[in-house]
Amino acid sequence: ILSKEEPFDYFLCTGDVFIKTPIQEINIINKWKNKGYSIYGNHDWYLEIFPRLTLIQEIAGLNIVGLSGMFKSNKLNQVDPRYWNIRELLHLSHLKNIDIFISHQPFYQLGILDKFKKDIGIPILTDILSYTQPSIFCCGHDHRYKFKFFGNTVAISLPLITKGYVSLFYNDKILTNLEITLKNKKREIKI
């Protein structure tokens with residue numbers, strides 16, 4: 001989240017931080033600790049590098065939802081930050097005025113397909129997004145870039161932290177600019 005020019009005010013992570021992360025990136029991440037918030041990915045059980053983003057939290061005047069890990073309907077009584085269940089969704093079903101919704105998993109209809117061309121998104125998450133209508137939705141898990149409008153929501157599936165990120169520029173809770181940066185071995189692309 002950026003409201004000033006350089007470098008940023010807050011950093012929000014969609015999980016799976018250390019998958020294929022070179023040591024030089026870990027050094028950069030260590031510098032961000034004081035400004036970073038993260039949700040868990042399904043590979044983050046062993047380390048918490050940023051403070052965990054709670055289910056609903058206000059950061060810099062913005063209402064932010066953080067839904068960690070993977071949906072597991074049979075994990076109702078187990079406390080494991082790598083999974084979420086219907087309890088979290090019931091809590092979210094009462095919320096409105098969400099500025100940013102961060103989930104590790106994509107929602108159904110975002111268009112993230114597996115090798116069999118099956119949508120890997122979660123249908124019940126699609127229902128929650130339809131109801132809460134956040135301004136921005138970001139997810140990780142699949143680690144491929146995807147951009148889509150879902151009603152009035154800008155939905156973005158992000159690659160690994162070393163391959164890309166989204167910069168959101170706000171002025172008094174109003175989104176003024178959105179910049180997507182994708183990296184490959186040869187160049188950096190800004191959209």
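Contact here means heavy atoms within 4.5 Å. With that cut-off in hand, a good place to start in this predicted model is Ile 122, which touches Phe 71, Trp 84, Gln 105, Pro 106, Phe 107 and Tyr 108, leaving aside residues up to four places away in sequence. Ile 122 sits in the loop between strand 7 and helix 3. Its relative accessibility is 12%, so Ile 122 counts as buried, the cut-off for that being under 20%. One of its partners, Phe 107, is 15 residues away in sequence, yet the two C-alpha atoms are 4.8 Å apart in space.

Zooming out, the chain holds three helices and 13 strands. Of its 191 residues, 46% are buried. Among contacts with a separation of 6 or more, 52% come from residues 24 or more positions apart. The accessible surface adds up to about 10,600 Å², and carbon and sulfur atoms own 52% of that.

Next comes the sheet around strand 7. Six strands form an open sheet with mixed pairing, in the order 3-4-7-8-10-9. Strand 3 (56-59) and strand 9 (146-150) are the edges, each pairing on one side only. On average, and with direction ignored, neighbouring strands in this sheet are turned by 20 degrees against each other. Strand 7 pairs with strand 4 (residues 62-67) in the parallel sense, over four bridges. Two of the residue pairs can be named: Gly 66 is bridged to Ile 102 of strand 7, and Leu 67 has Ser 103 of strand 7 as its bridge partner. Strand 8 also runs parallel to strand 7, again joined by four bridges, and here Phe 101 has Phe 137 in strand 8 as its bridge partner.

Which residues of strand 7 are buried on its two faces? Ile 100 and Ile 102 are buried on one side, Phe 101 and Ser 103 on the other, and so both faces of the strand are covered, going by a relative accessible area under 20%.

Helix 3 (residues 123-132) comes right after the loop that holds Ile 122, and its buried residues are Leu 125, Thr 126, Ile 128, Leu 129 and Thr 132. These residues span an arc of only 160 degrees around the axis, which puts them on the same side of helix 3. What covers them includes strand 4, strand 6 (83-84), helix 2, strand 7, strand 8 and strand 9.

The backbone has a couple of unusual spots to flag. Most residues other than glycine have a negative phi. Gln 133, which follows helix 3, goes the other way with a positive phi near 45 degrees. Gln 133 belongs to the loop between helix 3 and strand 8, and with a relative accessible area of 49% this residue is partly exposed. His 143 is another residue other than glycine with a positive phi, near 65 degrees. His 143 lies in strand 8 and is partly exposed too, at a relative accessible area of 23%.

That leaves the charged pairs. Side chains of opposite charge can pair when their charged atoms come close. Taking a salt bridge as a side-chain nitrogen of Lys or Arg within 4 Å of a carboxyl oxygen of Asp or Glu, the count comes to two. One of them joins Asp 99 to Lys 173, with 3.5 Å between the closest N and O atoms. This pair links distant parts of the chain, 74 residues apart: Asp 99 is in the loop between helix 2 (86-92) and strand 7 (100-103), while Lys 173 is in the loop between strand 11 (164-171) and strand 12 (174-183). Is Asp 99 buried or exposed? Asp 99 has a relative accessibility of 10% and therefore counts as buried, whereas Lys 173, at 41%, is partly exposed. The other salt bridge is between Asp 142 and Arg 144, whose closest N and O atoms are 2.4 Å apart. Arg 144 has a relative accessibility of 41%, so this residue counts as partly exposed.

Conventions. Residues numbered from 1 in each chain as written. Predicted model: local features only at pLDDT ≥ 70, side-chain atom pairs only at ≥ 80, totals over all residues. Heavy atoms only, no water. Buried < 20%, exposed > 50% of the residue type's maximum accessible area, 1.4 Å probe, protein only. Pairing = 2+ DSSP bridges. Axes fitted to C-alpha atoms, helices over the stretch in contact; angles between N-to-C directions. Arc of directions from axis to C-beta. Areas by Shrake-Rupley, 256 points an atom, 1.4 Å probe, with all protein chains shown as cover.
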